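Visitor: Please take me closely through a single part of this model, the open sheet, and then place that part within the chain and the assembly. I would welcome one connected account rather than a list.

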2 protein chains.
Amino acid sequence: MVVTILVDMFTKRRRSLLEKARKKDCYIVCSATPQNVFYITGFWGDGTAVISEDGTTLFTNPLEGERAKRSVKDCDVIVSEIGESLKELVLRHVSSKGKLCFDDIQMPLQITIKKVLKDDVIFDPDIFHSVRRIKDEGEISVITQAGKMIDKLFSHVLTLIRPKVRERDLAAELLAKAVSFGCDLPAFPSTQNPIIVASGPNSAFPHGDLTERKLLEDDVVVIDIVVRFKGYIIDTTRTFALGRVQDEIKDVYEVVRSAQEEGINAVKPGATTGDVDKKVREIVDAKGYKQFFIHGTGHGVGLDVHEPPSLKIGGKEVLQNGETVTVEPGIYIPHKFGIRIEDTVLVSERTKSFTRFTKELLVLG
Amino acid sequence: MVVTILVDMFTKRRRSLLEKARKKDCYIVCSATPQNVFYITGFWGDGTAVISEDGTTLFTNPLEGERAKRSVKDCDVIVSEIGESLKELVLRHVSSKGKLCFDDIQMPLQITIKKVLKDDVIFDPDIFHSVRRIKDEGEISVITQAGKMIDKLFSHVLTLIRPKVRERDLAAELLAKAVSFGCDLPAFPSTQNPIIVASGPNSAFPHGDLTERKLLEDDVVVIDIVVRFKGYIIDTTRTFALGRVQDEIKDVYEVVRSAQEEGINAVKPGATTGDVDKKVREIVDAKGYKQFFIHGTGHGVGLDVHEPPSLKIGGKEVLQNGETVTVEPGIYIPHKFGIRIEDTVLVSERTKSFTRFTKELLVLG
């Protein structure tokens, strides 16, 4: 029964991709990026997936062959010989089947195939993004489970935050707990770690590196947890306080909290990404913190940590039922402190967060 | 004093990149990939770095601005306004300065600049790779420290491997220790986690996912640790055994061990990547395991987990003094077990591994 639902889910995705491709006169859809290969086949690893009316085929190397065969759903697997190039295999398979659409321009396989098939190859990453944006029932169920894990992780944070703990050690314990719960640690190239623990003045860096700094009495601590569960990312931030909390911190916290909550209320099918950003930014600006809100309001999230749409100033994209996006305003006072509150939410008429962990300012230690 | 050495190191890198670019008639070198931006500027994050005869400039957004200013070495930092696009800033800076070389074709910034400057823009990732391949003194010192951490991590593994422990929990404890030691967790898109713990039949998957499987008496356990330290990757694998070890496992282990040691002996300036692969493969083939050695012998390693050169069948690239590469033969008997031994080594007349942890088969539990 479960298998049937899974196969149906993959069939639906493949059909949607082929339909989008057909509008560009293409009859084959091709990907070699792990996220899209996973989306098409159920296998996460090295390989190239090809969808056509004849069915779906995964081409991979002997290193991945056995694991691929076990992972794919309703999909042929063709494994190259040791030392044999995959390019020839893929090329033979796709030749004279009509125009082909790749999701990514950069990789050697794509470049080779483009050289041979010339005008019969186009590159269009948007085909995948437009289909991936709307999450199906299976995806929403997985992200819902991931949300529950985040709640457990933030509860665990309460036992870890205390004076004299190093940022790095706090992050280490949290990462271990996440992996133990069944989460994987995603690749996000421009930060060095999937979890941010930024304390005291470090919290003023939205993407703070992990440091050896020890938490002090009266610190603010920003904890941004990004984990992957069964393929899907969830991205959530809470800010905690230690010891006596200065009034300025309390004030800023309340601004961020109300901006974030109003932001979630503004997330609705039909609203533009710019509408949501504007709502959030107006609240921050009205309180005099305009210059300290130094990033966008949020981003799409799914198989990638950051994917379309971007919730930013002037954003024109229209939010759709079933999308998952973050809402994450922050205020960062250089050399002093920063505060960010972030949820991953499901876009719907009654948009709600995948996490339930409190947004009250918790004062610990 | 330390600062002087650092600045000299960056000056040397930038000069080498400009020299390589000049051979292609380019006078500006540009990157927006975190690894190359770090290599040029010392900052790891979102941004675009531009090198010319006039100096080096990092363009970044307000989110990263403060952190960037603290991280860069001998480099101007230009931060956009909130909501302003970096493209315009970069375009203005590089216009009418002569031909420009980008390292990557794929990103919106590059595509925009190419559209405007047309034939004055070329794409060539190899310029960076050819310079990055040869590690300088500072880089070798960092990787040497990373090697000592790997030794400590494998010593810690000895306390973690025992029957009934789940693969996932073992990995969790090891990740926590690594982060605590000062390591970061790198992004490698085609695997879900930076540490592989593959036990029993799972060890026959070279890139095994973390599972809930509990270690059993008489298991083989492959542990592949990939961590980043001060920017640089080290990639090392050891295989352990539990309980009573079958003769077949002992035999295969000795084949892999001798192949790996002979492989390291074959790594020398002037040898080709194919020479090393051939040496290793001959030992495995001679013992009758040809069909079970299902991947290449190794790969370059540095700011990326996998970078040129690839040590594979027929590889023609010539190894050079100061490169860092892995040597990692493995034998994988489907549904039964797999064994891999891997070191990251420094290419020199007396090539040696950055790690000293024993390659004897350790039988635990």
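**The open sheet of chain A**

Guide: In this predicted model, chain A contains an open sheet of six strands whose order is β4-β3-β2-β1-β5-β6, with mixed pairing. The edges are taken by β4 (76–79) and β6 (121–123) of chain A, each of which has a single partner strand, so that one side of each is left without a neighbour in the sheet. From one strand to the next, the twist averages 20°.

Starting from the edge formed by β4(A), the pairing of β3(A) with β4(A) is in the parallel sense and extends over four bridges. Within this pair, Thr60(A) stands opposite Val79(A) of β4(A). Strand β3(A) itself is mostly covered, since five of its six residues are buried, a class that requires 20 or more other C-beta atoms within 10 Å of a residue's own.

On its way to the next strand in the order, the reader meets the other sense of pairing: β2(A) and β3(A) run antiparallel and are joined by five bridges. These two strands form a hairpin, with two residues between them. One of the pairings here can be followed residue by residue, for Ile51(A) has Thr56(A) in β3(A) as its bridge partner. In a regular strand, the side chains alternate between the two faces of the sheet.

A helix is packed against this part of the sheet: α2 (residues 34–41) of chain A lies across β1 (28–31), β2 (48–52) and β3 (55–60) of chain A, and runs at about 45° to β2(A).

At the opposite end of the order, strand β5 (residues 100–102) of chain A is joined to β6(A) by three bridges, and the two strands run parallel. Here Cys101(A) has Ile122(A) in β6(A) as its bridge partner.

The sheet can now be set within its chain. Chain A has 10 helices and 17 strands, and its radius of gyration is 22 Å, close to the 21 Å that the globule rule gives for 365 residues, so chain A is as compact as a globular protein of that length. Along the principal axes, the C-alpha atoms of chain A fill a box of roughly 70 × 40 × 40 Å. Of its 365 residues, 51% count as buried. Among the contacts in chain A between residues at least 6 apart in sequence, 64% join residues at least 24 apart.

Beyond the single chain, chain B is superposed on chain A by a rotation of 180° with 0.0 Å of shift along its axis, at an RMSD of 0.0 Å, which is the relation of a two-fold axis. In chain B, the C-alpha nearest the axis belongs to Ala187(B), at 2.0 Å from it. The same surface serves both copies, as 100% of the contact residues of chain B recur in chain A.

Across this interface, 42 residues of chain B are in contact with 42 residues of chain A. On the side of chain B that touches chain A, the elements giving two or more residues are α3 (62–71) and α8 (167–181) of chain B; α8(B) gives the most, with nine residues. By character, the residues on that side of chain B divide into 22 nonpolar, 11 polar and nine charged.

Terms used:
Residues numbered from 1 in each chain as written. Chains lettered and ligands numbered in written order. Predicted model: local features only at pLDDT ≥ 70, side-chain atom pairs only at ≥ 80, totals over all residues. Rg over C-alpha atoms; globule rule 2.2 N^0.38 Å. Buried ≥ 20, exposed ≤ 12 C-beta atoms within 10 Å, placed from the backbone. Contact = placed C-beta atoms within 7 Å. Least-squares fit on C-alpha atoms with pLDDT ≥ 70 in both. Nonpolar A, V, L, I, M, F, W, Y, C, P; charged D, E, K, R; others polar. Pairing = 2+ DSSP bridges. Axes fitted to C-alpha atoms, helices over the stretch in contact; angles between N-to-C directions.
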